[in-house]
Amino acid sequence: MFSRRNVGRALAASLAIALAVASDAARAQTVQPPPPGPLRPYIFPAVEQFQLDNGLKVILVQKHTLPVVEGRLIIDAGAMREPAAKSGLASLTGRLLSEGTGTMTGADIARAMDALGAQYSTGAGFSTSFADVVALKNVFPQAMALAARTIIAPSLPASEFGRVKNQALAAYQQSHARTAGLASDAFIRAAFDSTAPFSRPASGNLTTIGTLTRDDVVNWHRTMFAPSAATFLLVGDIASAEARSVAQQAFGTWTASRAALPAVTNPVRPSTATRVILVDRPGSVQSSIVVGQAGFRATDPDYISMVALNHVLGGGFSSRMNMNLREKHGYTYGAFSGLDLRPGAGAFRVNSEVRTNATDSALVEAIGEYRRIATEAVPAIELQGMVNNLVSGFPNSVQSVQGLSGSLQSLIVWGLPLDFYTTYREKLSAVTPDDVKRVAASRLTPNNVIVVVAGDLAKIEAPIRARNLGTVEVWDQNGNKVR
Amino acid sequence: MRLRYLAVSLLCLATANAGAQAGKSPELRIDYTKETLPNGLTVLYHVDHSTPVAAVLLWYNVGSKMEQPGKTGFAHLFEHMMFKGSKNVADGQHWALLEAAGGRAGADINGTTSWDRTNYFEQIPSNQLELALWLESDRMGTLTETLTQEKLDNQREVVKNERRQSVDNQPYGTWVEKTEEVLFPDNHPYHHSVIGSMTDLSNASVADVRSFFKTYYAPNNAVLVVAGDIDVPQAKGMVQKYFGPIPAGPTPPPLANMRVPTTVGQEQRLVVQDAQAPAPAIFVSYRVPSAKDSRAPAISLLGDIMGGGRSSRLYEALVRRQQVATNVAGFNFGLADGADMLVFTATGKPGASPDSLEKGMLAELAGASSFTQSELDRARASERFAFVDGLQTTGGFGGRADRLAEGWTFFHDPNHVNKVLGEFDRVTLADVNAVARERLVPTNRAILLYVPVRKTAAQTSSTRTP
């Protein structure tokens, strides 16, 4: 089987192009692949919008194929809004939201949600704090009303604070017991200026989480949670009238207010040459490698071209990274690239888990692919195949309510218009090899990238140094330079 | 909750769902048409025009339980070879053609291997249905015609990397293989893991691939599902055109004796020193009735009541009250023949003593048989939701096509998908209590305790008692 992680969300809508791919491949073949039949149209479902009296924006997408509804409230109160010294505060608050309201304990809430068979979670990521409910249609209004109480009037109980904080610390330790977690943290710390919210993990770290108090959490909720800063996404088997009544019932009484905040910036760390950062994880039989750079936004004029470039380099299975590192060399189970977009600025990077004794060779290949796409024109047939993958595959990704809500949330977080998907497919289909060449030349700097490797340094450090890939630094697991 | 797709893929312990109420299951029906080709291929058609998406999905009735001694991991390695080209499809073209047609790598196009079956699927825009059928038929009919040592060597390395990524380089990564080694006797087909051992993978040969293909990869040992935005007469024409000419294979050899005694007979306890683990973790696993047994729904509900979600007994006891753990789970694997494994797990708080984690877990398990109706109702609501949630997709992992194929392969009943909710509805409190009393006994369990160590370059080592 084949699995992937850390790949940018494939957004695309599909109009699709009947593409005759096979020409190149067909040389020695006796039978040609059958051509596609007539294309059936796909239209992204209507996006309805309304607002409650308290200013809460509601977005509704109806989908009536199965009796499933999702309600997702997102607030502009993600980790990007927290001060560096309190890194992890949004996330910790998100965990504590579900631990009680004025009338119910956390255990009561869990039992009530479970009795409804509702999938319910609260939390915070980099861009938003959220509460999410997915449930069968008949119980959805009840589950959503309860979830809303945990956003509007959580008790954030002192009795549970210590335990939940320990869970946050444990989650950090578990994710950093993996090479991928170590490499990811080192990359953002190296690529972004230390004032950039995206230079730190949304979870916070052991030191900052350790200093957080219940007062911090209460203040964060009081000052940041307000309907004017939130959007309520409703997706699934629910009609307009009922959606209005559910939204009103759940959030109509929410009266908190908050001043508008300036847009988040994520300043990139200036750099003139490639840095190679090594993080030790003794005993590793594989290393996590990352190569990339900071500074990409969905609102950039060349964003669509960048999406196409990413897909050619590492967005799919037959993309260059995977064909090289997995199918040609057998260094890995999978190699990919991803455009990790964030408000302010995101990152573009390739990544793979590679076997320890091939780490240096895999790095050379990964950097080589990065350089090749940055400097050489992409053949039209290759570009067409990968673009068509995004364009035609879109309906597959929005068959579920979760797929739909995820697509819509991306638009909101990235600052794109809600009608984005109605023209995106045409724009993507129109990308030419020249467009890719232009965006590569203007955005990618293959001689000035961040390279991160987390693995067993006793085995991999010397071979990597011998490759002369750039200035080598060794960091500890907390991002401090050791040598 | 039953784990679907644990197979050789990532270990997802965290998916524990919510529980239940005396509500009613929704009225749902997945309609299908069944036909059998003269070569023995069973085909199920399911129509859904709500999105212009079609799914092609094949389940071959072969899994790691058919592997011979010394060849562990072979069914899965073979699955990888199915993506390396066949007579009319060059190496790399299976992916290139399907991705250009709009299938997303992984979610829409993939293959997976479990103990009991191997599946292959494509979810594509409906106008590309014929392409997917052609590709599947070409590899079913001609895979080994273009097989080379080089292709095998490449995928052997890929699979070894897959093993490193999911097992050897992960904290607690060995728990599945250690658990099945203890719960099933030596030489039982479920005794060894799907991913297999590095040594056996190294020994796999081109001749092994040819012989496996001849033995198991034939139309009479598979079920094909064609689902979604399709016209059934037209789809039948395509299936006839591409799969009709493939000759039937010999009848596959009979399955080894899968029967095991009701219980293991003796408690096994294994302590694993894990250099990569930041905190202790415990896995307590029991031998239980298999997925084909009428008690299977009660087993899944028992897993939910104990460890599914934040109102489960283990969460309340170990996470909320004792605070020795940071998360818990309870689930079964859904093994089809002989017996299944029911697992309860808890990850300790960093710094927590492994002892307190183990004591807390075992104390809860000792009291696991006097359940309440509301506990059962919560568990049932969770299963009900998870089932309907999974039906949202046409193809891919656990979608409607997958459910149809599962029903045919395991139960010889394509209508099984329409009975699942009813089976959960019929389970009574007495059923769950009875199976808990019979199976959740110390002499029927394996205790696997992972203990963090801080040694440089330490490999995991283990000690076993008794």
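**Exercise 1.** How many residues lie between β1(B) and β2(B) in their hairpin, and which residue in the turn has a positive phi?

*Solution.* The structure is a predicted model, in which local features need pLDDT of at least 70, side-chain atom pairs count only at pLDDT 80 or more, and totals for chains, interfaces and linings use all residues. Residues are numbered from 1 along each chain as its sequence is written, while chains are lettered from A and ligands numbered from 1 in the order in which they are written.

Begin with the elements: strands (E, at least two residues) and helices (H or I, at least four) are DSSP runs, numbered from the N terminus. The hairpin of β1(B) and β2(B) has 5 residues between the strands, and B:Gly40 in the turn has a positive phi of about 95°.

**Exercise 2.** Describe the pairing and burial of β2(B).

*Solution.* Two strands pair if DSSP finds at least two bridges between them. Strand β1 (residues 33-36) of chain B pairs with β2(B) in the antiparallel sense over 4 bridges, and B:Thr33 has B:Tyr45 in β2(B) as its bridge partner. With strand β6 (residues 222-228) of chain B, β2(B) runs parallel and is joined by 6 bridges; here B:Thr42 stands opposite B:Val223.

For burial, count C-beta atoms, placed from the backbone: a residue is buried if 20 or more others lie within 10 Å of its own, exposed if 12 or fewer, and partly exposed in between. In strand β2 (residues 42-47) of chain B, 5 of the 6 residues are buried.
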